[in-house]
Amino acid sequence: MDPLCVAMNYSRQNIQQTQGLPSYVLNILFQRVLSMILMVIIRYISRVLVWILTILVILGSLGGTGVLWWLYAKQRISAGALETQIAKDNLQALLIYAIAATVFTVILLLIMLIMRKRVALTIALFHVAGKVFIHLPLLVFQPFWTFFVLILFWTYWIAVLLFLGTTGSPVPNEEGFIEFRMVGPLKYMWWYHVVGLIWISEFILACQQMTVAGAVVTYYFTREKRNLPFTPILASVNRLVCYHLGTVAKGSFIITLVKIPRMILMYIHTQLKGKENACARCMLKACICCLWCLEKCLTYLNQNAYTATAINSTNFCTSAKDAFVILVENALRVAAINTVGDFMLFLGKVLIVCSTGLAGIMLLNYQRDYTTWVLPLIIVCLFAFLVAHCFLSIYEMVVDVLFLCFAIDTKYNDGSPGREFYMDKVLMEFVENSRKSMKEAGRGGGAEGRELKPMASGASSS
């Protein structure tokens with residue numbers, strides 16, 4: 001297998017996550033402004049938007065189920081007169097669809113009923129995330145810095161790749177051309193170089209996550225927001241470079257260990273396309289899917305481990321264990337945030353793409369020289385989605401960091417003297433409402449737990 005193909009595929013995957021077309025500078029500025037405006041809008045209309053989306057999903061599910069049962073009843077009446085096999089098959093299919101839709105609707109309603117209070121937490125976190133970007137506006141520029149560093153590294157990697165391509169002994173081949181053949185241990189430098197591409201790229205992306213987590217943790221655990229450091233992001237970068245590079249390296253290496261086998265299997269699947277039997281193809285795709293799911297889970301756990309490191313200044317393994325325990329204890333809240341929150345951010349991306357496409361149509365309307373609009377609009381909309389994904393991913397990252405800080409805050413503090421909450425007033429209102437509902441249900445309230453580790457107080461003074 002050619003490792004160069006694997007490396008180039010990985011480079012394209014990372015470029016899609018961090019860049020668009022660099023020539024459209026005005027387009028980048030327009031989309032960044034849209035992203036910032038959307039972050040502010042989400043802060044103020046998050047409550048209404050979340051409940052509107054929830055109601056629309058419920059009504060759509062109920063309406064779809066009702067339509068299926070209505071079609072089944074209508075088909076059954078008409079099928080009574082036409083005793084054909086096709087009519088019976090259609091009637092049976094409609095019955096199966098209606099039953100499946102009914103089961104899905106019942107499960108959805110039960111989930112909404114269980115998670116209705118957790119949705120309020122998602123709304124509060126989105127509101128606080130908007131405040132974070134107001135106090136730390138430079139967070140919006142993090143994708144630019146990450147993209148710039150990645151471009152520098154990829155340029156260096158390609159230059160080394162060219163040197164490796166001309167390393168070895170020059171040997172004339174059968175066609176009369178000079179071919180450089182590597183012998184000995186030098187032959188395996190390709191694999192070393194490919195692993196370096198994946199590991200260091202993941203390391204740079206992890207550094208961004210650690211920087212954002214450190215800045216948001218500093219914001220959360222500072223009681224008086226007027227006493228925030230002048231540059232919390234630079235302070236977070238300083239802590240990362242001085243104390244946490246090993247943590248980031250270990251987390252990115254774990255992702256690399258999962259990503260490389262998945263890419264090898266994808267390469268094998270591409271090379272054997274159409275040659276393997278159905279069973280082997282199914283097993284290969286199942287392995288690729290399992291590795292992809294494992295990679296996503298480890299990426300999410302790593303991000304929370306970086307947040308725990310920023311809070312407690314512990315090593316990677318300890319932070320990952322603490323973050324995993326917190327996530328398991330708040331599994332329903334995590335599910336609500338990851339479903340409702342991700343859906344809201346996806347709608348935000350759609351809004352930015354539609355706005356950019358509309359602006360492109362209005363601009364192309366004045367350019368009479370262009371006869372075909374489809375290709376430029378597709379490029380602009382694709383670029384708009386990539387840019388919106390970069391910026392709104394930072395917003396999603398901030399929400400996840402705030403949630404872990406909130407979960408740790410409520411676990412180790414209860415609001416009593418000496419154990420005051422660090423959280424924002426909006427989150428305090430959520431906690432008070434939860435306690436009232438628990439007392440009304442006869443279960444009592446209050447958070448229990450041992451003392452928080454000392455990083456929380458240190459973050460207040462940093």
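What follows is a short round of questions and answers on a predicted model.

Visitor: How many helices and strands are in the chain?
Guide: Both kinds of element are present in this predicted model. Strands number 2. Helices number 13.

Visitor: What percentage of the residues count as buried?
Guide: The chain has 462 residues. Buried means under 20% relative accessible area. The share that counts as buried is 42%.

Visitor: What share of the exposed area do carbon and sulfur atoms supply?
Guide: The chain exposes about 25,400 Å². Of that area, carbon and sulfur atoms supply 70%.

Visitor: Which helix gives the largest share of the nonpolar patch?
Guide: The patch covers about 430 Å² of surface. Trp69, Ile99, Val103, Ile107 and Ile111 make it. The largest share is 4 residues, and they come from helix α3, residues 85-135. The name is helix α3.

Visitor: Is Ile111 buried, partly exposed or exposed?
Guide: Ile111 sits in helix α3 and helps make the nonpolar patch. Its relative accessibility is 39%. Buried means under 20% and exposed means over 50%, with partly exposed in between. Therefore Ile111 counts as partly exposed.

Visitor: Is Thr247 buried or exposed?
Guide: Thr247 lies in helix α7, residues 245-271. Its relative accessible area is 8%. The cut-off for buried is under 20%. So Thr247 is buried.

Visitor: Which residues is Thr247 in contact with, leaving aside neighbours within four places in sequence?
Guide: Contact means heavy atoms within 4.5 Å. With those sequence neighbours left aside, the partners of Thr247 are Tyr306, Thr309, Thr314, Asn315 and Phe316.

Terms used:
Residues are numbered from 1 along each chain as its sequence is written. This is a predicted model: local features need pLDDT of at least 70, side-chain atom pairs count only at pLDDT 80 or more; totals for chains, interfaces and linings use all residues. Side-chain values use heavy atoms; hydrogens and water are left out. Patches are made of residues with over 30% relative accessible area and no salt bridge: like charges are joined within 9 Å, nonpolar side chains (Val, Leu, Ile, Met, Phe, Trp, Tyr) within 5 Å. Accessible areas come from the Shrake-Rupley method with a 1.4 Å probe; for residues, only the protein chains shown count as cover. A salt bridge is a side-chain nitrogen of Lys or Arg within 4 Å of a carboxyl oxygen of Asp or Glu. Buried means under 20% relative accessible area, exposed over 50%, partly exposed in between (1.4 Å probe, protein chains only).
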